[in-house]
Amino acid sequence: MKAREYDFATRFIELAGEINTSMPYHVVEAVATALNKQKKSLNGSKLLVLGVAYKKDVDDLRESPTLKIMQLLQGRGAHVEYNDPYFPQLHRMRHYNYEGMKSVPLSPQTLGAYDA
């Protein structure tokens, strides 16, 4: 009986990992669908990402799914900028190169300049 419990727990952990890994792709598709409903293409859209840190109110980028989301959006032709008070500037990382990318200040005018 215990073996089955451990097998279930292991499979549950694996499934959770698969879901977490696929979530950035899901987010990008949701953004593309929302833009499409507004008769806009993801390719060429100006997007602002709010928050790049891994967790709320923490200055830690490790394992942040936002980095993957930004990469996927850029790969589909979107112009991506971000705002995060914990990261005034991004840099080259192991899997991503956001060297020179700076946090955009938030204001009504700034927000109005983006498609999403």
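**Entry 1: serine 45**

Contact here means heavy atoms within 4.5 Å. I note that the model is predicted. I started with serine 45 and found serine 45 in the loop between H1 and E1. Is serine 45 buried or exposed? Serine 45 counts as buried, because its relative accessibility is 3% and the cut-off for buried is under 20%. I then looked up its contacts, leaving aside neighbours within four places in sequence, and got Leu35, Lys40, Ala78, His79 and Asp115.

**Entry 2: the lysines of the same loop**

I moved to lysine 40, which is also placed in the loop between H1 and E1. Lysine 40 counts as partly exposed because its relative accessibility is 37%, and the range for that class lies between 20% and 50%. With residues up to four places away in sequence not counted, lysine 40 touches Leu35, Ser45 and Asp115. I had met the pair of lysine 40 and serine 45 before, in the contacts of serine 45. I also looked up a distance: the C-alpha atoms of lysine 40 and tyrosine 96 are separated by 27 Å. Along the chain, lysine 40 and tyrosine 96 are 56 residues apart.

Lysine 39 lies in the loop between H1 and E1 as well. Lysine 39 is exposed because its relative accessible area is 78%, and exposed means over 50%. I wrote down its phi, near 60°, as a positive value in a residue other than glycine. For background, most residues other than glycine have a negative phi.

**Entry 3: strands E1 and E2**

How many bridges join E1 to E2? I found five, and the two strands run parallel. I looked up two of the pairs. Lysine 46 has histidine 79 in E2 as its bridge partner. Leucine 47 stands opposite valine 80 in E2. Next I checked how the strands are connected: E1, H2 and E2 make a right-handed β-α-β unit.

**Entry 4: helix H2 and the core**

I listed the buried residues of H2 and got Thr66, Leu67, Ile69, Met70, Leu72 and Leu73. After H2 comes glycine 77, with a positive phi near 95°.

Then I looked up the largest nonpolar core, which has 23 residues. Leu42, Met70, Leu73, Leu90 and Tyr98 have the most contacts inside this core. Which elements each supply at least two residues of the core? I noted helix H1 (2-37), strand E1 (46-50), helix H2 (65-75) and strand E2 (79-83). H2 gives the largest share, five residues. As a general remark, nonpolar side chains in soluble globular proteins tend to be buried together.

I picked leucine 73 from the core for a closer look. Leaving aside neighbours within four places in sequence, leucine 73 is in contact with Val28, Val31, Leu42, Leu47, Ala78 and Val80. Leu47 and Val80 in that list are the two residues I had noted opposite each other in the strands. Ala78, also in contact with leucine 73, appeared among the contacts of serine 45.

**Entry 5: the loop between E1 and H2**

I found aspartate 59 in the loop between E1 and H2. Aspartate 59 counts as exposed because its relative accessibility is 56%. What does aspartate 59 touch, not counting residues up to four places away in sequence? I got Tyr86 and Phe87. The C-alpha atoms of aspartate 59 and glutamate 14 are separated by 28 Å, and the two residues are 45 residues apart along the chain.

Glutamate 63 is found in the loop between E1 and H2 too. Glutamate 63 counts as exposed because its relative accessibility is 68%. Its phi is near 65°, a positive value in a residue other than glycine.

**Entry 6: the largest pocket**

I ended with the largest pocket, with a volume of about 480 Å³. The pocket is lined by 15 residues, and those closest to its centre are Glu63, Ser64, Pro65, Lys68 and Tyr96. So I came back to two residues from earlier entries: Glu63, noted as exposed, and Tyr96, noted for its distance from lysine 40. H1 and H2 each supply at least two residues of the lining. Which element gives the largest share of the lining? I found H1, with five residues.

Conventions: Residues numbered from 1 in each chain as written. Predicted model: local features only at pLDDT ≥ 70, side-chain atom pairs only at ≥ 80, totals over all residues. Heavy atoms only, no water. Core = buried A, V, L, I, M, F, W, Y, C linked by side-chain atoms within 4.5 Å. Buried < 20%, exposed > 50% of the residue type's maximum accessible area, 1.4 Å probe, protein only. Helix = DSSP H or I, 4+ residues; strand = E, 2+ residues; numbered from the N terminus. Pairing = 2+ DSSP bridges. Right-handed = clockwise from strand over helix to strand, strands pointing away. 1 Å grid on protein atoms, 1.4 Å probe; cavity = no way out; pocket = protein on both sides within 12 Å on 5 of 7 lines; lining within 4 Å. Points joined across faces, edges and corners; volume = space filled by probe spheres on them.
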